[in-house]
Amino acid sequence: MDQAGGYADYAFVADLYDFVVPYSGRPDVDFFVEAALESGGPVLEVGCGTGRVLIPTARAGVMITGLDLSTHMLAVCRERLAEEPAEVQARAQLVEGDMRDFELGRTFALATIPFRPFQHLTTVEDQMACLRTIHRHLEPDGKLILDLFNPSLAVLTRDNVGQEVGEEPPFTMPDGRRVLRRSKIVSRDYSEQVNRSELIYYVTYPDGNQERLVHAFPMRYLFRFEAEHLLARCGFEVEALYADYDKSPYGTKYPGELIFVARKIED
Ligand SMILES: C[S@@+](CC[C@H](N)C(=O)[O-])C[C@H]1O[C@@H](n2cnc3c(N)ncnc32)[C@H](O)[C@@H]1O
């Protein structure tokens with residue numbers, strides 16, 4: 001099995017991740033916490049990263065298991081959890097594993113994949129392996145929230161391949177490093193529906209030294225009906241489809257997000 005999209009580079013990203021402005025301000029946390037509370041738990045978060053969603057969920061009183069392939073992202077998550085009260089720590093469990101093939105020996109009321117880790121999977125085989133593995137880990141009638149970006153036709157055909165662009169404000173790390181992040185589409189493969197991207201971090205140390213760190217990874221985009229068919233092939237029925245974390249129905253904004261709430265329908 002190939003390594004999934006660029007996760008090894010999460011090694012240096014893990015350190016910076018929680019400070020990246022669009023990540024720290026991402027408006028999805030309440031949506032996932034509310035869904036976790038509604039489910040009653042336990043929740044499985046696939047690709048939990050540094051705990052951006054997992055920790056608020058545990059704080060809200062829900063038992064949650066986070067699975068991630070990156071030792072480094074999980075290490076940051078563990079450090080963050082260690083600062084939480086004992087009862088919050090007791091509600092969270094972390095597991096290192098690959099979303100395409102894991103066995104936790106238990107089932108969950110809800111599985112979530114917040115902020116697009118699923119799109120690191122670039123083949124239908126990997127996508128189905130992941131969905132079927134999650135399916136096995138759901139209770140009867142358990143739900144899955146699959147969080148994807150909605151591919152914008154205008155953005156997909158934009159003539160910016162190879163250009164480094166970025167409008168994000170710089171941010172400062174607790175140790176004084178100043179970081180400016182930019183991005184680049186390296187290539188677009190329209191037949192495979194895969195964009196190869198780079199996120200480029202320009203880091204300036206307090207002593208003036210500079211470094212340029214590159215997180216390179218492929219992202220597979222899925223269109224609405226393709227994702228619905230994929231879910232159906234893997235034993236899920238779509239219950240709701242949202243364009244945003246405020247639950248705006250799909251189609252009310254473009255491109256918006258592609259957020260599926262799907263129910264397990266067969267064993
Ligand atoms: C954009 S981050 C999202 C983290 C978190 N869900 C959030 O909302 O902040 C993507 C995460 O997916 C993880 N990931 C990528 N490929 C994976 C795989 N095959 N199995 C498990 N996790 C994977 C990465 O290590 C990373 O932590």
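## Exercises: cavity, rings and ligand

The lining of the largest cavity comprises five nonpolar residues, two polar residues and one charged residue; Ala, Val, Leu, Ile, Met, Phe, Trp, Tyr, Cys and Pro count as nonpolar, Asp, Glu, Lys and Arg as charged, and the others, Gly among them, as polar. The model is predicted, so local features need pLDDT of at least 70 and side-chain atom pairs pLDDT 80 or more, while totals for chains, interfaces and linings use all residues. Residues are numbered from 1 along each chain as its sequence is written, and side-chain values use heavy atoms, without hydrogens and water.

**Exercise 1.** State which residues line the largest cavity and which elements each supply at least two of them.

*Solution.*
1. The search of the whole structure gives one cavity of 30 Å³ or more (a set of points on a 1 Å grid where a 1.4 Å probe fits but cannot get out; lining residues have an atom within 4 Å of a point).
2. The volume of the largest cavity is about 30 Å³, taken as the space filled by probe spheres set on the points.
3. F32, A36, V43, E45, V53, T57, I64 and T112 form the lining.
4. Helix α3 and strand β1 (43-46) each supply at least two residues of this lining (DSSP runs of at least four residues for helices and at least two for strands).

**Exercise 2.** Classify the ring pair of F31 and Y245 as stacked, tilted or edge-to-face, and locate both residues.

*Solution.*
1. Eight aromatic pairs occur in the structure (ring centres within 6.5 Å; planes under 30 degrees apart are stacked, over 60 edge-to-face, the rest tilted).
2. For F31 and Y245, the ring centres are 5.8 Å apart and the planes stand at 65°, so this pair is edge-to-face.
3. F31 belongs to helix α3, whereas Y245 lies in the loop between β11 and β12 (257-264).
4. The pair therefore links distant parts of the chain, 214 residues apart.

**Exercise 3.** Describe the surroundings of the ligand: which residues come nearest, and which atoms make polar contacts?

*Solution.*
1. Around the ligand are 19 residues, of which Y17, G47, R52, D68 and M99 come nearest (a heavy atom within 4 Å).
2. By class, this shell holds 10 nonpolar, five polar and four charged residues.
3. Polar contacts are pairs of N or O atoms within 3.5 Å. A polar backbone atom of G47 lies 2.6 Å from a nitrogen atom of the ligand.
4. An oxygen atom of the ligand is 2.6 Å from a polar side-chain atom of D68.
5. The backbone of M99 places a polar atom 2.8 Å from a nitrogen atom of the ligand.
6. On its own the ligand has 590 Å² of accessible area, and the protein covers 98% of that area (Shrake-Rupley method, 1.4 Å probe).

Key
A polar contact is a pair of N or O atoms within 3.5 Å; within protein, one must be able to donate a hydrogen and the other to accept it, and residues adjacent in sequence count only if both atoms are side-chain atoms. Rings of Phe, Tyr and Trp (its six-membered ring) pair if their centres lie within 6.5 Å; planes under 30 degrees apart count as stacked, over 60 as edge-to-face and the rest as tilted. On a 1 Å grid over the protein atoms alone, a cavity is a set of points where a 1.4 Å probe fits but cannot get out, and a pocket is an open set with protein on both sides within 12 Å along at least five of seven lines; lining residues have an atom within 4 Å of a point.
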